Every structure is written in structure tokens, then in C-alpha cells.
Amino acid sequence: DAAQEDEDLGYYQQGAKEAFYDVIQMVEGQYMSIPVMSNNDIKKDEKLLNDAIEAFDSKLNKPVDGVYYRIRNAATTETKAQGAYLLAGGNGNSRIVWGNKDPNLALKLGYIWKCVKNNDGTYAFTNALTGNYMGTREVLDVDLIYMSDTATVVRIETAKVPGKFVLRQGD
């Protein structure tokens, strides 16, 4: 129920919730009307629900290929990075940091990221200042965000908060 529909990024497309609920209600109706379901019936309904979840997830409004964005930390827990914009620290393999929180100061090119949508539905982001990709590097068993000559796969998932989503790096 928390999913909201709107045209903006991080919201679901109009009609996504209704289509999802229609499948849920259909499956619930079958369970209520059939006293004993066969294993095949259960597997069929499980597939219907999994397909409905996949279809619903595909209706999340995500960044558009070739468009430039500022990436903002939307964490709900209070941290130094909360509300800050992602900043390329420099060229090459330098670390990416959470920079300024002021949207007027975050207009510099180091804060601007070009979205690249891959054929498999994953994403990559290149920095407008450096031209390098957003990547990761393991440091002391922690994956940190670094600039990279090669793209790191980024998956975009719902944050379960309207108007926001999660960028998940790595395979």
C-alpha cells in the first residue's frame, strides 16, 4: 500500500498498483473457492504472483538513459551524509564522497551524473566532470564508491519510500 503512483522518479506508473492487486485478488479468490488445491494449482498461482511482482517492479519510474542527474542521499537515519549530493572526488580511481547538501552549490559538474542504461536493464553512471564511471572498490572488507575506468553494474530498486529508490552496485 505504501507504493504511490506519479510521473516522477521513484514513483510507480499509473495503474501499476491496480494491476498488481487484481492478480492478488484473483489468486485469493481461487484459494477461497477451492477447498483443497493440488500442488500444480499452488505452483501455477505462485508463478502468477511472481510474474505480478516482476511486472509491478518494472513500473517503477527510473532514470532515463542519457539524462544527467544529481544523486542525493535520501537516508532516513540521521547521518552526516543525509541529504548530501554524490560528488566525484577527482579523476582516475579517486573516492566518491557525499558532498554538499545545498542544491545550489551542488550544480558543479562533479555533482552531475549521466545515466547509462544497459541492455540487460541494469545501469551505470558517468560523472560529467571526470567522464569516469561510478564504481566500487573493497577496502577493509567494505565496498566503497570510487571512480573507475570501467562501469560497475548498478541495479535500481524501490526504497519503499515514495519518490526514492536504491542504487545497488555489483553483481
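The following paragraphs walk through a predicted model, beginning with a pair of helices and moving on to individual residues in the strands and loops.

The helical part of the account concerns H1, which spans residues 16-33, and H2, which covers residues 39-57. Their axes come within 9 Å and cross at roughly 170 degrees. Angles over 145 degrees count as roughly antiparallel, and H1 and H2 are therefore roughly antiparallel to each other. On the H1 side, the residues that meet H2 are Ala16, Lys17, Phe20, Val23, Ile24, Met26, Val27, Gln30 and Tyr31, while H2 contributes Ile42, Asp45, Leu48, Leu49, Ala52, Ile53 and Phe56. Sorted by class, this contact of H1 with H2 consists of 13 nonpolar, 1 polar and 2 charged residues.

Phe56, one of the H2 residues in that contact, also leads into the aromatic pairs, of which the structure holds 3. The ring centres of Tyr12 and Phe56 are 4.2 Å apart and the ring planes stand at 15 degrees, so this pair is stacked. Because Tyr12 lies in the segment before helix H1 whereas Phe56 belongs to helix H2, the pair ties together parts that are 44 residues apart in sequence. Both Tyr12 and Phe56 are buried. Ring pairs join these two residues with Phe20 and Tyr21 into a cluster, and Phe20 is in addition among the H1 residues that meet H2.

From the helices we turn to strand S2, which runs over residues 86-88. Leu86 lies in this strand and, with a relative accessibility of 3%, counts as buried. Its C-alpha atom is separated by 7.0 Å from that of Ile96, a residue 10 positions away along the chain. When neighbours within four places in sequence are left aside, the contacts of Leu86 are Ile71, Ile96, Val97, Trp98, Gly110, Tyr111, Trp113 and Met134.

Ala88, also found in strand S2, has a relative accessible area of 7% and is likewise buried, since values under 20% count as buried. Not counting residues up to four places away in sequence, Ala88 touches Gly110, Trp113, Asn127, Thr130 and Met147. Gly110 and Trp113 thus appear in the contact lists of both Leu86 and Ala88. By contrast, the C-alpha atoms of Ala88 and Val161, which are 73 residues apart along the chain, are separated by 26 Å.

One of the residues that Ala88 touches is Asn127, which has its place in strand S5 (residues 123-127). At 2% relative accessibility, Asn127 counts as buried, and its side chain takes part in contacts with backbone atoms of two residues. A polar atom of this side chain lies 3.3 Å from the backbone oxygen of Ile112, and a polar atom of the side chain lies 3.2 Å from the backbone nitrogen of Thr130. Beyond residues up to four places away in sequence, Asn127 touches Ala88, Leu109, Gly110, Tyr111, Ile112, Trp113, Asn132 and Met147, so that Ile112 is reached both through a contact of this kind and through its backbone oxygen.

A further contact between a side chain and the backbone is found at Ser148, which belongs to strand S7 (residues 142-148). With 14% relative accessibility, Ser148 counts as buried, and a polar atom of its side chain lies 2.8 Å from the backbone oxygen of Thr150.

The last two residues lie in loops. Leu107 is found in the loop between strand S3 (96-98) and strand S4 (112-117), where its relative accessibility of 53% makes it count as exposed. With neighbours within four places in sequence left aside, Leu107 is in contact with Arg70 and Ile112. Leu107 and Arg70 are 37 residues apart in sequence, and the distance between them is 8.2 Å from C-alpha to C-alpha.

Lys160 lies in the loop between strand S8 (154-158) and strand S9 (165-169). Its relative accessibility is 68%, and Lys160 therefore counts as exposed. The backbone of Lys160 has a positive phi of about 60 degrees, although this residue is not a glycine.

How values were computed: Residues are numbered from 1 along each chain as its sequence is written. This is a predicted model: local features need pLDDT of at least 70, side-chain atom pairs count only at pLDDT 80 or more; totals for chains, interfaces and linings use all residues. Side-chain values use heavy atoms; hydrogens and water are left out. Rings of Phe, Tyr and Trp (its six-membered ring) pair if their centres lie within 6.5 Å; planes under 30 degrees apart count as stacked, over 60 as edge-to-face and the rest as tilted. Helices (H or I, at least four residues) and strands (E, at least two) are DSSP runs, numbered from the N terminus. Buried means under 20% relative accessible area, exposed over 50%, partly exposed in between (1.4 Å probe, protein chains only). A polar contact is a pair of N or O atoms within 3.5 Å; within protein, one must be able to donate a hydrogen and the other to accept it, and residues adjacent in sequence count only if both atoms are side-chain atoms. Axes are lines fitted to C-alpha atoms, for helices over the stretch in contact, and angles run from 0 to 180 degrees between N-to-C directions. Angles under 35 degrees count as roughly parallel, over 145 as roughly antiparallel, 65 to 115 as roughly perpendicular and the rest as oblique. Contact means heavy atoms within 4.5 Å. Ala, Val, Leu, Ile, Met, Phe, Trp, Tyr, Cys and Pro count as nonpolar, Asp, Glu, Lys and Arg as charged, and the others, Gly among them, as polar.
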